[in-house]
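Me: I would like to go through this model and ask what stands behind each label. Please set the values against the cut-offs.

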Amino acid sequence: MTFSATWLGLLFCNILGIGIATGVPNVPSWTDAYGVSTGAFLLETYRGLGGFGGLCAVIIALGSVTNNAPFAYTSAITFQALGRYAKAIPRWMWCIFVMIIELVCSVAGRNHLFAVFQNFLPIMSYWVAPWVTILLEEQILFHVLRGKSFDWAAWEDRKRLPIGIAALFAFLCGWAGAIIGMSQVWYQGPIALKVGNYGGDIGAWLAIAFACLMYPPLRYLELKKFGR
């Protein structure tokens, strides 16, 4: 039920966003507003609704703020996962620290940070491919097929957790595949340049392939050597 409600809500917003984005190159006033700022663009798209349109634009702007709150909280959890010293710092302090970073970045980079993120974040997104690959292989090859369940009681005991050498090396190999296969604004890999006439992005697929091939033998050796 929760997934269905979330999915339906996102579906409506995404369809609305696609419709608005389609109008940018076709409506001259929208094109001009888009060149000014995101806020000016939103106001222009809702101008036909009069005062109610302005209210909608304000609600959307405030919604972007509330949308950042869960990510600040999860960032605090991520900081605490770094180790026992980071865990000793209360989570609310990490939340404040994250919000300060967000505030400084947004104010200092208000004129150009959005373009930087548009070009930089797609490069960072490749990490998901090898990570998911390693996660699935660990689950299927070393737990489901072997009939071995996870020891959830060991989640915070470093002496019982996996060493992590196999996962780290396979992850880095996956990243190497992403680097040679990515095609982004800031960088094009040597393999990506050979795809078609203008290059093509196969970074995610190479990352999956490299991590998929490297993790099973490395994990087998890790289990044989360390037993965990």
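Reply: Buried means under 20% relative accessible area, exposed means over 50%, and partly exposed lies in between. The model is predicted.

Me: Why is Glu 44 called buried or exposed?
Reply: The relative accessibility of Glu 44 is 16%. The cut-off for buried is under 20%, so Glu 44 counts as buried.

Me: What makes Arg 47 buried or exposed?
Reply: Arg 47 has a relative accessibility of 54%. Exposed requires over 50%, so Arg 47 counts as exposed.

Me: What makes the contact of Arg 47 with Glu 44 a salt bridge?
Reply: A salt bridge needs a side-chain nitrogen of Lys or Arg within 4 Å of a carboxyl oxygen of Asp or Glu. For Arg 47 and Glu 44 the closest N and O atoms are 3.0 Å apart, and the pair forms a salt bridge.

Me: How many salt bridges are there by this rule?
Reply: The count comes to 4 salt bridges.

Me: What is the N to O distance in the salt bridge of Arg 219 and Glu 138?
Reply: The distance is 3.0 Å, set against a limit of 4 Å. This pair links distant parts of the chain, with Arg 219 in helix H10 (residues 203-226) and Glu 138 in helix H8, 81 residues apart. Both Arg 219 and Glu 138 are buried.

Me: How do you know that Glu 138, Arg 219 and Glu 222 are linked in a network?
Reply: Arg 219 has a salt bridge with Glu 138, and the side chains of Glu 222 and Arg 219 meet in a salt bridge at 2.7 Å, N to O. Glu 138, Arg 219 and Glu 222 are thus listed as a network of salt bridges. Glu 222 and Arg 219 both lie in helix H10, 3 residues apart, about one turn of the helix. Both of these residues are buried.

Me: Why is Leu 223 called buried or exposed?
Reply: Leu 223 lies in helix H10. Its relative accessible area is 16% and the limit for buried is under 20%, so Leu 223 is buried.

Me: Which residues are in contact with Leu 223, leaving aside its neighbours within four places in sequence?
Reply: They are Phe 142, Arg 146 and Arg 228. Contact here means heavy atoms within 4.5 Å. By C-alpha positions, Leu 223 and Val 104 are 45 Å apart in space and 119 residues apart in sequence.

Me: What class does Leu 136 fall into, and why?
Reply: Leu 136 has 45% relative accessibility. Buried is under 20% and exposed is over 50%, so Leu 136 falls in between and counts as partly exposed. Leu 136 is found in helix H8 (residues 128-144). The C-alpha atoms of Leu 136 and Cys 212 are separated by 9.5 Å, with their positions 76 residues apart along the chain.

Me: What class does Leu 172 fall into, and why?
Reply: At 48% relative accessibility, Leu 172 counts as partly exposed, because exposed takes over 50%. Leu 172 is in helix H9 (residues 165-181). From Leu 172 to Pro 190, 18 residues apart along the chain, the C-alpha separation is 18 Å.

Me: Why is Phe 79 given the class it has?
Reply: Phe 79 has 25% relative accessibility. Buried needs under 20%, so Phe 79 counts as partly exposed. The place of Phe 79 is in helix H4 (residues 51-80). Not counting residues up to four places away in sequence, Phe 79 touches Ala 86, Trp 94, Phe 97 and Val 98. The C-alpha atoms of Phe 79 and Asp 32 are separated by 41 Å, and the two are 47 residues apart along the chain.

Me: How many helices and strands does the chain have?
Reply: There are 10 helices and 0 strands.

Me: Why is the chain called more spread out than a compact globule?
Reply: The radius of gyration is 23 Å, and the globule rule gives 17 Å for 228 residues. The value is well over the rule, so the chain is more spread out than a compact globule. The C-alpha trace spans about 70 × 50 × 40 Å along its principal axes.

Me: What share of the 228 residues is buried?
Reply: Buried residues make up 25% of the chain. The accessible surface comes to about 16,100 Å², and 73% of this belongs to carbon and sulfur atoms.

Key
Residues are numbered from 1 along each chain as its sequence is written. This is a predicted model: local features need pLDDT of at least 70, side-chain atom pairs count only at pLDDT 80 or more; totals for chains, interfaces and linings use all residues. Side-chain values use heavy atoms; hydrogens and water are left out. Helices (H or I, at least four residues) and strands (E, at least two) are DSSP runs, numbered from the N terminus. The radius of gyration is taken over C-alpha atoms; the globule rule is 2.2 Å times the number of residues to the power 0.38. Buried means under 20% relative accessible area, exposed over 50%, partly exposed in between (1.4 Å probe, protein chains only). Accessible areas come from the Shrake-Rupley method with a 1.4 Å probe; for residues, only the protein chains shown count as cover.
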